[in-house]
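Here are a few exercises to work through with the model open. Try each one yourself before you read the solution.

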Amino acid sequence: MPNSGEVDPASTTSSVTGGRRIVRRAVYLAGAAAVGVAALGVIVFYVGPESNTLIIASSFVPLMLGVGLLGLFVLAATRSWRTLAVGVAVVLAGAFTQAPLFVSNTPDTVAGEGIRVMQANIRLGEADPDALVEQVRSHSIDVLTLQELTDSAVQQLDTHGLAALLPYRFVEPKDGGGGTGIYSRFPLTEQESLGRFAMSNLVATADIGDGRSVTVASVHPMPPYPSPAWMWASEMGKLNGLLHEQAADGKPMIVGGDFNSTYSHSRFRAILTDGFTDAAEQTGAGFVMTFPADTWYPALIGIDHIVTNRATVTHFERIEIEGSDHHGLVATVTPHFDGT
């Protein structure tokens, strides 16, 4: 008979075994949950829900797939082979949704002269005007599209030399984030508001010489949060229709904007039909995250885009916009005209 102070070896072994089972079970559940996150990402990529929560989830599909990938390693460590097989299928399905962003469609040679385009959301007009003008100068920009343009920002940009670089403009400055602008090295005609939206959306025709012209739009549909989801969905649908109407005249088209939508939002991808192409997708640039740009951690979502129709993007990059919560974009766009 063991002494009262002795530990029963069998009891100790049982406790250790039970503890290991609990830990293994917890690790397994964490891996399975990670795969579930990836599965949700695949679902919201295709479904396009009118729910603020799920719309926001759609913004983070690449991160959700990353979580799922980590889950695969966890499941492999616990030797949960059947669940691992399901997880692999889910992550592969997710990778398929993002694959077009990594495959370049730009031909080796492009005929014609490129237009240098810059897109920037300047956060309520608070971006550093001198730094912004320097970006325009250093990148030899021909066309600049701006969002959240204010009266004060218009004046400050002129003071720092933007008018000398891009003398033609179509602007609707507003306080509160609703202002929008198009600045151009080329004369701008046929200037008009692109439908009725909560924030300004503008379109104009740029005369690039030799009797050729390009339609340029600067767009800023409302965000899905904190506004009701149906309002965001309505504006995205309206923007889709209006952009396609503008493209019906056969002219090349360049659209720069804070779309408040990522490639993983089905309503943004609905715009990318009938010749419309996102510059990141066309050049195979991958994930180009543009927001937020004013935090200690890197930008997590790509809601700023340069979209073209009847044109080829031969260069595409992300740039810094000092004082803004968005990164900017620069692209070289070669329009297609008859015979080119």
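**Exercise 1: a glycine in a loop**

Place Gly195 relative to the strands around it, then decide whether it is buried, partly exposed or exposed.

Start with the location: Gly195 sits in the loop that joins strand S5 (188-193) to strand S6 (202-209). This is a predicted model, by the way. Next, accessibility: Gly195 has 36% relative accessibility, so it counts as partly exposed, since that class runs between the 20% and 50% cut-offs. Finally, look across the chain: the C-alpha atoms of Gly195 and Leu242 are 7.3 Å apart, with their positions 47 residues apart along the chain.

**Exercise 2: a serine in a helix**

Work out which helix holds Ser59, whether Ser59 is buried or exposed, and what it touches.

Step one: Ser59 belongs to helix H2 (residues 52-59). Step two: its relative accessibility is 11%, so Ser59 counts as buried; the cut-off for that is under 20%. Step three: leaving out residues up to four places away in sequence, Ser59 touches Thr262, His265 and Ile301. As a last check, the C-alpha atoms of Ser59 and Ser261 are separated by 7.1 Å, although the two residues are 202 apart along the chain.

**Exercise 3: reading the sheet**

Give the strand order of the open sheet of 6 strands, and say which strands are at its edges.

Walking across the sheet, you get S5-S6-S7-S8-S10-S9, and the pairing is mixed. The edges are S5 and strand S9 (276-278), each of which pairs on one side only. Ignoring direction, neighbouring strands are turned by 20 degrees against each other on average.

Now zoom in on one pair: strand S8 (residues 253-258) and strand S10 (residues 304-309) are antiparallel, with 6 bridges. In that pairing, Met253 has Asn309 of S10 as its bridge partner. To finish, add helix H8 (residues 229-247), which lies across S5, S6, strand S7 (212-219), S8, S9 and S10 and runs at about 160 degrees to S8.

**Exercise 4: two pockets**

Describe the largest pocket and the second largest pocket by volume and lining.

Take the largest pocket: its volume is about 380 Å³. It has 21 lining residues, with Pro223, Tyr225, Asn260, Phe291 and Ile303 nearest its centre. H2 gives the most to this lining, with 3 residues. By type, the lining splits into 10 nonpolar, 8 polar and 3 charged residues.

The second largest pocket holds about 180 Å³ of space. Among its 14 lining residues, Glu113, Gly114, Ile115, Ile208 and Arg212 are closest to the centre. This lining divides into 6 nonpolar, 4 polar and 4 charged residues.

Notes. Residues numbered from 1 in each chain as written. Predicted model: local features only at pLDDT ≥ 70, side-chain atom pairs only at ≥ 80, totals over all residues. Heavy atoms only, no water. Helix = DSSP H or I, 4+ residues; strand = E, 2+ residues; numbered from the N terminus. Buried < 20%, exposed > 50% of the residue type's maximum accessible area, 1.4 Å probe, protein only. Contact = heavy atoms within 4.5 Å. Pairing = 2+ DSSP bridges. Axes fitted to C-alpha atoms, helices over the stretch in contact; angles between N-to-C directions. 1 Å grid on protein atoms, 1.4 Å probe; cavity = no way out; pocket = protein on both sides within 12 Å on 5 of 7 lines; lining within 4 Å. Points joined across faces, edges and corners; volume = space filled by probe spheres on them. Nonpolar A, V, L, I, M, F, W, Y, C, P; charged D, E, K, R; others polar.
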